[in-house]
Amino acid sequence: MSSRTPSLGGATRVVVLALLWGSTFLWIELALRGLSPLQVTFVRCVLGALVLTVACYASGRRLPRGVAVWRHIVVAAFFCNALPFALFSLGQQTVDSGLAGVLNATTPLWSIALGLALGSERGMRPARLVGLLLGFAGVILIFAPWRTTGATGWGALAILGAAASYAVAFTYMGRTLVGRGTPTISLSAAQLVAASGLTAFGMPIGGLDSVGGGPTVVIAAVALSVLCTAITFHLTYRIINDEGATNAAVVGYLLPVVSVLLGAVVLGENLSVRVVLGMAVVLAGVGMTRRTGATAGAAVAVDEAAEGGTPGVAEKRKRTVEQPVPGAPMPGKPTAGGSSAEGAAADVPDARRMVPEDAR
């Protein structure tokens, strides 16, 4: 199968998905006006789990069974949902939503760094290495450690931690949950159920504060949970399935743009020239890391079957691609295993291993 040309319907889904994932940080910002970071995380996990569980059983499937698979699901839920969701909410107490979206786009950089540490990134081409260094140089430019004042600090570190957590989660899920025969709609629902339980353990620490904020907070929490956590799972894998990983990866580059524009237009956020330049450098670095160097008609990718937004492979098949296949992004939400579409955007370390079939 050759590289696919995006259809009108596929292009529409890409735009919708970019808008949903990119709006994640706006909804978090609004929800934090009446909820604590842990409350935002808990509501997001619970409502997202409810939506996906209903969808799971409505499609004739059920949650996974077996102690072994649930052990892996719990670990994935911690690194792909509970921890990053909490870190995003904590970080956005001091970081603007637009900047949060850009820092989230560093996930593929952390994925490559993790691969180098684990020895799975062998023979990396110079362009990808330059992209990795360029991306982290952009992060340094945003942080500006040579300045004594700034709007970043610990909040930006928390968001970078969330992006790194996604990278760990995708690597773990690719090794333990992908290709095990469980439908992804079942895995994604189970993962958010597990994340809800994990988050509940932390509620006594900072999740029992009084709730306020009125209708805006309620709308933001519901939109974050349903649109940016549950629905984006399904859209992501429909795009990968119908349009190919290369076309799906476009979302990863649109997401930060959407988050910055929404932050500026809706919330009136201001960005300095230095931060804008840092954002551009980060995205340029990410773009370079996604060029795997495959030659036309020579690269072989592995398609994997699944539905609903988390990894779960029914079969493998070979296909050639005309261009390098970039990773599929994951938002502040979960791709490859049920992370947020906030992660969406985020970028799956190797999308060639995670292309679904049964989402059709």
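**Figure 1. How confident the predictor is, across the whole chain.** Averaged over the protein, the pLDDT of this predicted model is 74, and 68% of the residues reach at least 70. The stretch to be wary of is 293–360, where pLDDT drops below 50, even though the model gives it 326 contacts beyond near neighbours in sequence. Where pLDDT is low, the fine detail of the predicted coordinates is best not read.

**Figure 2. The overall build.** Count up the secondary structure and you get 13 helices and five strands. Of the 360 residues in the protein, 56% are buried. Take the contacts between residues at least 6 apart in sequence: 83% of them link residues at least 24 apart. On the outside, the protein exposes about 14,000 Å², with carbon and sulfur atoms supplying 66% of that area.

**Figure 3. Helix α5, residue by residue.** How many of the residues in α5 (residues 97–104) are buried? Eight of eight, so this helix is mostly covered. Reading along α5, the buried residues are Ser-97, Gly-98, Leu-99 and Ala-100, followed by Gly-101, Val-102, Leu-103 and Asn-104. In an α-helix there are 3.6 residues to a turn, so residues three or four places apart point the same way.

**Figure 4. Ser-23, between two helices.** Ser-23 sits in the loop that joins α1 (8–22) to α2 (24–31). Is Ser-23 buried or exposed? It's buried: its relative accessible area is 7%, and the cut-off for buried is under 20%. If you set aside the neighbours within four places in sequence, the contacts of Ser-23 are Cys-228, Val-258 and Leu-262.

**Figure 5. Gly-161 on helix α8, with Leu-87 alongside for comparison.** Gly-161 belongs to helix α8, which covers residues 154–176. With a relative accessible area of 27%, Gly-161 counts as partly exposed, because that value falls between the 20% and 50% cut-offs. How far apart are Gly-161 and Leu-87 in space, C-alpha to C-alpha? The answer is 7.1 Å, although 74 residues separate Gly-161 and Leu-87 in sequence.

**Figure 6. Two cysteines, and the disulfide count.** Cys-56 has a relative accessible area of 0%, so it counts as buried. Cys-80 is buried too, again at 0% relative accessibility. If you're wondering how many disulfides there are, the count is zero. To be counted, a pair of cysteine sulfur atoms would have to lie within 2.5 Å.

Technical notes
Residues are numbered from 1 along each chain as its sequence is written. This is a predicted model: local features need pLDDT of at least 70, side-chain atom pairs count only at pLDDT 80 or more; totals for chains, interfaces and linings use all residues. Side-chain values use heavy atoms; hydrogens and water are left out. Buried means under 20% relative accessible area, exposed over 50%, partly exposed in between (1.4 Å probe, protein chains only). Helices (H or I, at least four residues) and strands (E, at least two) are DSSP runs, numbered from the N terminus. Contact means heavy atoms within 4.5 Å. pLDDT is the predictor's confidence in each residue, from 0 to 100. Accessible areas come from the Shrake-Rupley method with a 1.4 Å probe; for residues, only the protein chains shown count as cover.
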